[in-house]
Amino acid sequence: MKKRLSLKLLIWRQKSNTTDGNFKEYIMKGLSPDLSILEVLDQLNEKLIINGDRPINYDHDCREGICGSCGFLVNGLAHGPKSATTICQLYLRHFKDNDTLVLEPWRVKAFKVIQDLSVNRSSLDRLIASGGYVSCQTEEIPDANKYLISPSKAFTSFQSATCIGCGACIASCRNASANLFVAAKLAHLGQLPQGKDGRSNRAKLMNKQMREEGFGSCSNNLDCEAVCPKEISADWISWMNNDYL
Ligand code: FES
């Protein structure tokens, strides 16, 4: 049988964005190393509810690393210490018995705390909306060879499209810059023939919205790239700046 773990959790508790928050300590014992951090929080919430306490609020949906809903800081690192991993895919086997885990929400001005570990990331939705839309005909199924796209372009476009919009890049940037997020969105559309129309205008509009939402500017520290669970390259920021200029 696998060795069970005990953890000390220091979790940020905050009722709303108009109240102050603080860290609260919870001890969890007899945990299977196969549990994810979210599953530990599920177990903790069951205990809190049974005791009549308010459960911990945190975002999640797919729990498979694809939706981008989950995300908070574990010991100061976005999505925790394991690279290329979302918080829902971070398992206790990556920690040691009696470890202390400090869980806190993304600390970004443009992401107001909703409650506890959950923040409002609707600024990212507005960023995407600011870029407008790409129109295409929806009549008959188009001929597969109508738009010729090289395999390398299809590959790099798909790579940038893997951004799940979790906000880890922004939460890890000392300037709270959204450049990697915006660059990924621009690059997956702008490399394909369907998205070529309005490509540089899209870059201008999204950059304007970035400033309006209060995101900072990029100073090339590359912390965004280091924490991206989808390993999106910061090279796309240069690509975006090229379009912008
Ligand atoms: S819950 Fe969907 S990526 Fe984590």
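Helix α5 is mostly covered in this predicted model: twelve of its twelve residues are buried. The chain carrying this helix is divided into domain 1 (5-104) and domain 2 (123-244). Five strands of the protein form an open sheet of mixed pairing.

**Helix α5**
- The buried residues of α5 include Asn 179, Phe 181, Lys 185, His 188 and Gly 190.
- These buried residues pack against α2 (122-130), α3 (151-161), α4 (168-172), α6 (199-212), α7 (223-227) and α8 (235-244).
- At 1.5 Å a residue, the twelve residues of α5 (residues 179-190) should span 16 Å, and the end C-alpha atoms are indeed 16 Å apart, so the two values agree.

**The sheet**
- The strand order is β2-β1-β5-β3-β4.
- Strands β2 (22-31) and β4 (77-78) stand at the edges with a single partner strand each, so one side of each has no neighbour in the sheet.
- Helix α1 (residues 37-50) packs on the sheet, where it touches β2 and β3 (73-74); the direction of α1 makes about 100 degrees with that of β2.
- Strands β1 (residues 5-13) and β5 (residues 99-104) run parallel and are joined by five bridges.
- Leu 10 stands opposite Val 102 in β5.

**The two domains**
- The C-alpha centres of domain 1 and domain 2 lie 30 Å apart.
- Twelve residues from domain 1 and ten residues from domain 2 make up the contact.
- On the side of domain 1 that touches domain 2, six residues are nonpolar, six are polar and none is charged.

Conventions
Residues are numbered from 1 along each chain as its sequence is written. This is a predicted model: local features need pLDDT of at least 70, side-chain atom pairs count only at pLDDT 80 or more; totals for chains, interfaces and linings use all residues. Two strands pair if DSSP finds at least two bridges between them. Helices (H or I, at least four residues) and strands (E, at least two) are DSSP runs, numbered from the N terminus. Two residues are in contact if their C-beta atoms, placed from the backbone, lie within 7 Å. Axes are lines fitted to C-alpha atoms, for helices over the stretch in contact, and angles run from 0 to 180 degrees between N-to-C directions. Domain bounds come from an automatic or database domain assignment. Ala, Val, Leu, Ile, Met, Phe, Trp, Tyr, Cys and Pro count as nonpolar, Asp, Glu, Lys and Arg as charged, and the others, Gly among them, as polar. The expected span of a helix is 1.5 Å times one less than its number of residues. A residue is buried if 20 or more other C-beta atoms lie within 10 Å of its own, exposed if 12 or fewer, and partly exposed in between; C-beta atoms are placed from the backbone.
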